[in-house]
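Reader: I have a protein model open and plenty of labels I don't understand yet. Can we go through them one at a time?
Author: Sure, ask away.

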Amino acid sequence: MTRIIPVLTLILAVATARVTRSESPKEVLAQINKDSFGNSILSVLQLQLATGGPVGEIQILLNNIASQLNGDQKKADKVHESDTVAFEKIIADLEQEIAYHQSQIVALSNLRDSTTEALGEAEAEVRVVTSDIANNEKSFADEQATRNSQHETWVRKDAEHVDQMDAIDEASKIVQHLQAGVAFAQLKSRFEKVQAKLMESKHALFKPLINALTQLASKVDNKSIIKILELLAQIRQQLVASRASLLATEERQAANWEVQSGHLQEEHKRLVERKAFLENSIVQFKVTIQEAVEDLEDQTLFLEDAEDSLAIQERWAAEQEAQYEAQTFEREQQLEVVERLQEVLTQKVSAASEFLQIREEVF
């Protein structure tokens, strides 16, 4: 029996691709007999039959082979089912990974493009802001120069008014002394200084006064003195009013400049801060773009690796599926051969005996 098992297995493999249901038992055995190993097993069977060995032992062997084939197929089915589940999990994971990398590539591409656009806008705006800062500083310098000139003019005119008022006060004192009876000769030096100072101013306001003082120097009379004192009082009042007007103008211009300079300084501060913000944003934009480009390259490589892995897994799965189907088909063919041999040996033993007898005679 131990000699028959491996030989029968070999016969099954030889006969798998050859037999069909339409062939007769003699034809089946004839095909097996054509193979050297099949010839050997048939010789054993012939010897078994010639010596009167029971056919039942051969049937038991065939049943064992069929059971083994069915067991192997069940194991293969279980492994195939497990491999299929594992493969589907791997494929799902890889597809999810591919989808993730694809979404990352889209997001990074959008980030790179939008940040590049923002960078261009920031660089354009910083040029505008830089120009605005220069214009602001020029406006401030021009307005500051104008204000300085206004102040210097006020200082000069105010000093002139003070000098003129001092001269008027001095002239009033001199005239009052003359009115009190002091001799002109005693006051002549002071009188000439005041007269010279009034003439230096070249102000139209002083022309009548200068003429009156000149006449007074040649002839001192009380009527002229009273007239000159009245004129001096009027001129001083006009000088006080003029000085007050100049001061009011100075204060108004100073207040206006304080407001205007405040606005210019606030605008300058805002522009400087805006420029600093833009320059910092430009640095950040460039960093973001560089990082996005690098990440995009990494994600592209990751995507390619995942796609390669998916292709490899799919090829491996296809190969495993093909191998499983081929082995399953082979087992099915082998089982069919076992069944047909069983049929020959059980239901048509006479045909097998007849064939073996003919084989002995012919071959």
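Reader: Which helix is His-161 found in?
Author: His-161 sits in helix H4, which covers residues 55-179. Before we go on, keep in mind that this is a predicted model.

Reader: What makes His-161 count as buried?
Author: Buried means under 20% relative accessible area. His-161 has 10% relative accessibility, so it counts as buried.

Reader: Which residues is His-161 in contact with, leaving aside its neighbours within four places in sequence?
Author: Those are Leu-239, Ser-242, Arg-243 and Leu-246. Contact here means heavy atoms within 4.5 Å.

Reader: Arg-243 is on that list. How do you know that it forms a salt bridge with Asp-158?
Author: The cut-off is a side-chain nitrogen of Lys or Arg within 4 Å of a carboxyl oxygen of Asp or Glu. For Asp-158 and Arg-243 the closest N and O atoms are 2.6 Å apart, and that passes. Asp-158 lies in helix H4 and Arg-243 in helix H7, so this pair ties together parts that are 85 residues apart in sequence.

Reader: Are Asp-158 and Arg-243 buried or partly exposed?
Author: They get separate labels. Asp-158 has a relative accessible area of 12%, so it is buried. Arg-243 has 32%, so it is partly exposed, as that label runs from the 20% cut-off up to 50%.

Reader: What makes Arg-190 and Glu-170 a salt bridge?
Author: Try the 4 Å cut-off again. Their side chains meet at 2.8 Å, N to O, and that passes too. This pair also links distant parts of the chain: Arg-190 is in helix H5 and Glu-170 in helix H4, 20 residues apart.

Reader: And why are Arg-190 and Glu-170 called partly exposed?
Author: Arg-190 has 32% relative accessibility, so it goes in the partly exposed group. Glu-170 has 22%, so it goes there too.

Reader: How do you know that Asp-113 and Arg-112 form a salt bridge?
Author: The closest N and O atoms of Asp-113 and Arg-112 are 3.1 Å apart, and the limit is 4 Å. Asp-113 is at 42% relative accessibility, so it counts as partly exposed. Arg-112 is at 27%, so it is partly exposed as well.

Reader: How many salt bridges are there in the whole structure?
Author: A search finds ten.

Reader: What makes Phe-191 buried?
Author: Its relative accessible area is 4%, so Phe-191 is buried, the cut-off being under 20%. You can find Phe-191 in helix H5, residues 184-201. From Phe-191 to Leu-213 is 22 residues in sequence and 8.6 Å in space, C-alpha to C-alpha.

Reader: How far apart in sequence and in space are Ser-67 and Leu-335?
Author: They are 268 residues apart in sequence, with 9.3 Å from C-alpha to C-alpha. Ser-67 belongs to helix H4. With a relative accessible area of 49%, Ser-67 is partly exposed, because the exposed label needs over 50%.

Reader: Where is Ala-276 found?
Author: Ala-276 is in helix H7. At 43% relative accessibility, Ala-276 counts as partly exposed. Ala-276 and Val-126 are 150 residues apart in sequence, and their C-alpha atoms are 8.9 Å apart in space.

Reader: Which residues form the negative surface patch?
Author: Glu-97, Glu-304, Asp-305, Glu-307 and Asp-308. Asp and Glu count as negative, so the patch gets that name. Four of its residues, the largest share, come from helix H7, residues 222-346.

Reader: What makes Glu-307 partly exposed?
Author: Glu-307, found in helix H7, has 36% relative accessibility, so it counts as partly exposed. A patch residue needs over 30% relative accessible area, so Glu-307 clears that bar.

Reader: Now the whole chain. How many helices and strands does the protein chain have?
Author: Eight helices and zero strands. Read from the N terminus, the elements go α-α-α-α-α-α-α-α.

Reader: And what share of the 363 residues is buried?
Author: Buried residues make up 31%. The chain exposes about 22,300 Å², and carbon and sulfur atoms supply 54% of that. As for contacts between residues at least 6 apart in sequence, 83% join residues at least 24 apart.

Conventions
Residues are numbered from 1 along each chain as its sequence is written. This is a predicted model: local features need pLDDT of at least 70, side-chain atom pairs count only at pLDDT 80 or more; totals for chains, interfaces and linings use all residues. Side-chain values use heavy atoms; hydrogens and water are left out. Patches are made of residues with over 30% relative accessible area and no salt bridge: like charges are joined within 9 Å, nonpolar side chains (Val, Leu, Ile, Met, Phe, Trp, Tyr) within 5 Å. Accessible areas come from the Shrake-Rupley method with a 1.4 Å probe; for residues, only the protein chains shown count as cover. The place of a charge is taken as NZ of Lys, CZ of Arg, CG of Asp or CD of Glu. Helices (H or I, at least four residues) and strands (E, at least two) are DSSP runs, numbered from the N terminus. Buried means under 20% relative accessible area, exposed over 50%, partly exposed in between (1.4 Å probe, protein chains only).
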